[in-house]
Amino acid sequence: MPKVSMTVNGKAVSGEVEGRTLLVEFLRESLRLTGTHVGCDTSQCGACVVHVNGESVKSCTTFAAACEGAEVTTIEGMANADGSLGTIQQAFQDNHGLQCGFCTPGMVMSAADLLKQNPDPSEAEIREWLEGNLCRCTGYHNIVRSIKAAAAANA
Amino acid sequence: MPKDTGIGAAVPRTEDRRFTTGKGRYTDDFTVVGLHHAVFVRSPHAHARVTGIDKSAAEAAPGVVAVYDGKQLVGDGVGNLICGWAVSSKDGTPMKMGAWSALATDTVRYVGDAVAVVIAETKAQARDAAEMVEVEYEELPVVVDATDALKPGAPQIHPEAEGNLIYDWEIGDAAATDGAIANAAKVVEIELVNNRLAPNAMEPRAAMAVYDAGTDHLTLHTTSQNPHVARLVLSAFYQIAPEHKLRVIAPDVGGGFGSKIYIYPEEIVCLWAARKAGVPVKWTADRTEAFITDAHGRDHVSKAQLAFDSNNRITGLKVNTVANLGAYMSLFSSCVPTYLYATLLSGQYVIPNIYCDVKAVYTNTVPVDAYRGAGRPEACYLIERLMEKAAKELGVDPGELRRQNFITQFPYQTPVIMTYDIGDFSQTLDAARAAADVAGFAQRKAASEAKGRKRGLGYSCYIEACGIAPSAAVGSLGAGVGLWESAEVRVNPVGSIEVLTGSHSHGQGHETTFAQVVSDRFDLPMDNIKIVHGDTDSVQFGMGTYGSRSGAVGMSAIVKALDKVEAKVKKIAAHVLEASEADIVIEGGAVKVQGTDKQMAWHEVGLAAYTAHNLPEGMEPGLKEGAFYDPTNFTFPAGCYICEVEVDPDTGVVTVENFTAADDFGQVINPLIVEGQVHGGIAQGIGQAMLEHAVYDESGQPLSGSYMDYTMPRADDLPSFKVSTHETFCPGNPLGIKGCGEAGAIGSPPALVNAVLDALSGMGVKHLDMPLTPRRVWEAINAAN
C-alpha cells in the first residue's frame, strides 16, 4: 500500500493507505483522531470538516493520498496551547451552540474558516456560509449567536 | 442557594468541553483489538419472497470470517422483534403483530430489510463481500400507502394481519359526538395528511459487540436512548444473553429524537455474530442506511369534523385517522397513533364530546415509530388546523376564537382519558401576541403587498403530554413496561457527589441540569458533582430518555434520593454537633446548627459517614441513597406559537419572517438549555411543515434516501426565533417541571401552515398539505386561480 505523510495539528504523521482511503478514515482510524465525524455519505452534512492548508474541506470526500505533504488541522488542534478553549470553542459553550455535539467539530472548523475570510459576518452571511453544515439539535439559532460572539471576541 | 449554578441559572454546559474539543466518545469512536466489521446485505425489493441465498463467493473473499443468514439466526434461537405496547381493536381483539426476524428468512417486506450479514477484517472488505452475496428474490405485489393497503385486494403483507389491518381502535363517545355534530350551528371539516419524516439524528446508528468467551459475557456499545431497556429486551425477548451476562453501554450519543429508543435488527445481529464468529463486531450505518432502516415518524391521513354552537363554542370533535406503521411493528409503534395521539385531541379547549377512530396499517415501507413528539404533533396539527379554519369560516379572530374556548378551570378532565393538572393558556397567547407584534401585522402585510409578496400570520396553541407516566396507568392501557425512573446519589468520603441516573443524555445536557439540582440542594460547586448515565454496569436500572421525561421523571427520582441523603446528613451532623436535627441547615458548603457557630464542613459529614467512628446509634455507615420515582400523572406543557411568513406568489417560495414561541414548561432548571430545546424543536417542526418528506414510489422504492433528496432544514432556511417561558408549576412532581424537549416540534407545524394559508387566503387557496414546498404552494395558487 502507498505511504502518505502529512502534518496534522502541527505533528508530522505518516501511514499506509489504500488508494480509496478517505482523509476522514485516515484521521479517525489510523491516527485515532475521532473528533472528526461522518454524518452522511453525500458530502452534505459537514460533520467531517477539517482544514487542509488553511482552507475548510470535507474530509469525507478528500482522499488521504491527495493530502501528501499537506498541513491538516482538525478539531483536536483548535484549543489554545495551554489547553483552554479557543475563541470559537468558548463561544459555542457560552452561547449553548451545541447539544448532542456530533456536528460541533465541523461547525467549529467551518466557522473558523468563515471568520478568517470575513471577520465580522452578518447573521445572513453566517447562515449562508453554514449551508454545508447540518445540525439537527439547535435549529442553528445558537450556532449563529456563537459565531457572532466569536467574531466580537476577536475584534 | 448558589445563584450562579442553582435551579433557574443559565449555566453553560459542563459537557461542552469535550464536545468542542473533539473529545466526545460516540459509539463509532470505540475500538478493540481484533475488531471486525459487519455490513448488511439488504433487500432491494419492497416485497419479495427469498428463494435462495448463495454465500460462497462472499465467504471466499479476502478478510471475510463469516456470512450469516436468517435461517442460521432463527436456528440459533434468536427471537423475533416485538412491539411492547398491546393495543386492542374496538371489538376487543388483540393487535395483529406479524413476525419480524432480525434477518429475513423467507420474505422481505421493505427496501432495506436485512437478509444476511458479512463479517470481515475491514469495513471495505465487508462491503466488497456483501456485494458478492447472491440473493434470489421472487417479487411480490407492493403497497406503500396506508389507505391503499386497506382496500380489498391489496397485497397481503403479513399472514397474521388480514387486509393489512393491525388494529381498528377507538376512543370517546361516538353517539354523543355524532349528536353534537347533528345539532351544531356550524361544522368545520378538514381532511389532511401528516407527512412521513425521517428522524435524522446527525450521528448514524452504530453497534459494537464484544464477546468474552472466558466469562461468557457480552458487551454492547450502542447508540441508544435507553440502554437498560435495550438490555432487557435483548435478553428477555431476543434470547441474546441473560441480563447479568450482557452489558449495554450507550456512550455519547449524537441525537436521538426517538429513533434510538428502539432495539433494531443490527444490534441483535452484531451481538449474535460476535459470539458465533468469535470476533468483536462493529457496524456503523451510513446515511443512506439510516434513511432505509431508522424508524420513520408520522404518516397519518385524517378526516375530522369540529362542531360549534351559535356562540362559537365547540361542542364536538370527530376524527378518523389511518396510520401507516410500515412493514413491521416497531417497539412502541402501536401506542403512537392511539394513546399518544387521540388522548390529546382536546387541545387547549373545552370540547364536551370527542370521538376518534384509528386504523393502524401495514405497508411495504420502513417501520414507523415515535419521532420527536410522537402522536402529539399529529393531534396538535389536526386541532390547530381546524381552529384556524373555523376562525376563517366563522369570520372571527383566530386568537380570540381560541381564547373563547380555552380550558380555564383545573384540574380538567377531557373526554379522552387525560386530566390536565394546570395551565394558563391565555397567558401564553397574550405573551406570544405581544412578542410577535400582532398589532403591527397589518402594516407589515401592506409593505409585503407593495413589493408583490403575500404575508400571513398563523397561530398554534398546543398542549402535549410529557413525563409518561404512572406505571399502573400505562400498564392498564397496554404498556409492557413501567415508566418510572431511578436514581442513586453517592456522597463520597471526600464530599464529592456522584449521581447515577437511568435517564440518558444524547444532547439534552443532563450532566449540567441534573448537577444544578444537586448544587442547589447542597450549595456545592458544580465541579464537585458528576452525573453518571448510559451504562448498565454503573446504573442499576432506568427507563431512559424519550417523551420529554428526563426532567419530570428522571430529576424527580434524583430529588427523592437527595431527600434521603439530606435526612441522613442532618442526622449525622446533629449527632456529631450535639444539636437537634430540626436545627441543622446546609449552606455555603457547610452543615450548620442554625443560630450558632457550630458547623461541619460538607466533606467532614461525608468522612464521618464512612469512618463510622461516631454515628448515631443503629445508623448504617456510608452515605448513598437510591430512589425510584413513579409519576403521579402526565405533565402538560402548553403554549402559543405564532409564525409570520412571506410568500412569493410567482414562485411559491415561502420565507419564515418571524417565529415566536411562548411556552409554559413549569419550573425551568436551566433557561439556556430550555431555550435550546425549543429552538431545535421549532426547526424540526418547520422542517416538517416546509421541507421534509420521506417519499416512496409505487414500487416501494424510497425516493428520499440521502441528503441530496431529503430536505433537511439548513441555517439559511430558518430565522432566529423569539422564545420565552411563562410558568405554571406542575403540581404532580417535586420540582414542578413539565418537560420541554418536544414542544417545539409539536407546536410549530400548524403555525407555519396556518400562516401560509392566511397569506394565500385572498388568492382562493383553502387547503395545503405539508411539506409546503415551492412546487406545492405554486400549484395550489395556480389551481385556485
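Trainee: In what order do the seven strands of the open sheet in chain B stand, and what is the sense of their pairing?

Mentor: In this predicted model, the order is β3-β5-β1-β12-β9-β10-β11 of chain B, and the pairing is mixed. Strands here are DSSP runs of E of at least two residues and helices are runs of H or I of at least four, both numbered from the N terminus, while two strands pair if DSSP finds at least two bridges between them. Residues are numbered from 1 along each chain as its sequence is written, and chains are lettered from A and ligands numbered from 1 in the order in which they are written. Because the model is predicted, local features need pLDDT of at least 70 and side-chain atom pairs count only at pLDDT 80 or more, whereas totals for chains, interfaces and linings use all residues.

Trainee: What makes β3 and β11 of chain B edge strands?

Mentor: Each of the two, β3 (64-69) and β11 (246-249) of chain B, has a single partner strand, so one side of each is left without a neighbour in the sheet. Neighbouring strands of this sheet are turned by 20 degrees against each other on average, direction ignored.

Trainee: How do you know that β3(B) and β5(B) are paired?

Mentor: The definition asks for at least two bridges, and β3(B) and β5 (residues 114-120) of chain B are joined over five, in the antiparallel sense; V67(B) stands opposite V118(B) in β5(B).

Trainee: Which strands does helix α4 of chain B lie across?

Mentor: Helix α4 (residues 123-130) lies across β1 (36-42), β3 and β5 of chain B, running at about 25 degrees to β1(B); axes are lines fitted to C-alpha atoms, for helices over the stretch in contact, and angles run from 0 to 180 degrees between N-to-C directions.

Trainee: Why is L772(B) called buried?

Mentor: A residue is buried if 20 or more other C-beta atoms, placed from the backbone, lie within 10 Å of its own, exposed if 12 or fewer, and partly exposed in between. L772(B) has 25 other C-beta atoms within 10 Å and is therefore buried. L772(B) lies in the loop between α19 and α20 of chain B, and the residues that L772(B) touches, not counting those up to four places away in sequence, include V654(B), A689(B) and V777(B).

Trainee: What makes D216(B) exposed and S43(A) partly exposed?

Mentor: D216(B) has 11 other C-beta atoms within 10 Å, so D216(B) is exposed, whereas S43(A), with 14 C-beta neighbours inside 10 Å, counts as partly exposed. D216(B) lies in the loop between β9 and β10 of chain B, and its phi is near 55 degrees, a positive value in a residue other than glycine. S43(A), in the loop between α1 (23-30) and β3 (49-52) of chain A, has a positive phi of about 60 degrees although it is not a glycine.

Trainee: How many residues of each chain are in contact with the other chain?

Mentor: With contact defined as C-beta atoms, placed from the backbone, lying within 7 Å, 43 residues of chain A are in contact with 43 residues of chain B. On the side of chain A that touches chain B, α2(A) gives the most, with four residues.

Trainee: What confidence scores does the model carry?

Mentor: The model scores ipTM 0.98 and pTM 0.97. For chain B, the mean pLDDT (the predictor's confidence in each residue, from 0 to 100) is 97, and 100% of its residues reach 70 or more.

Key. Two residues are in contact if their C-beta atoms, placed from the backbone, lie within 7 Å.
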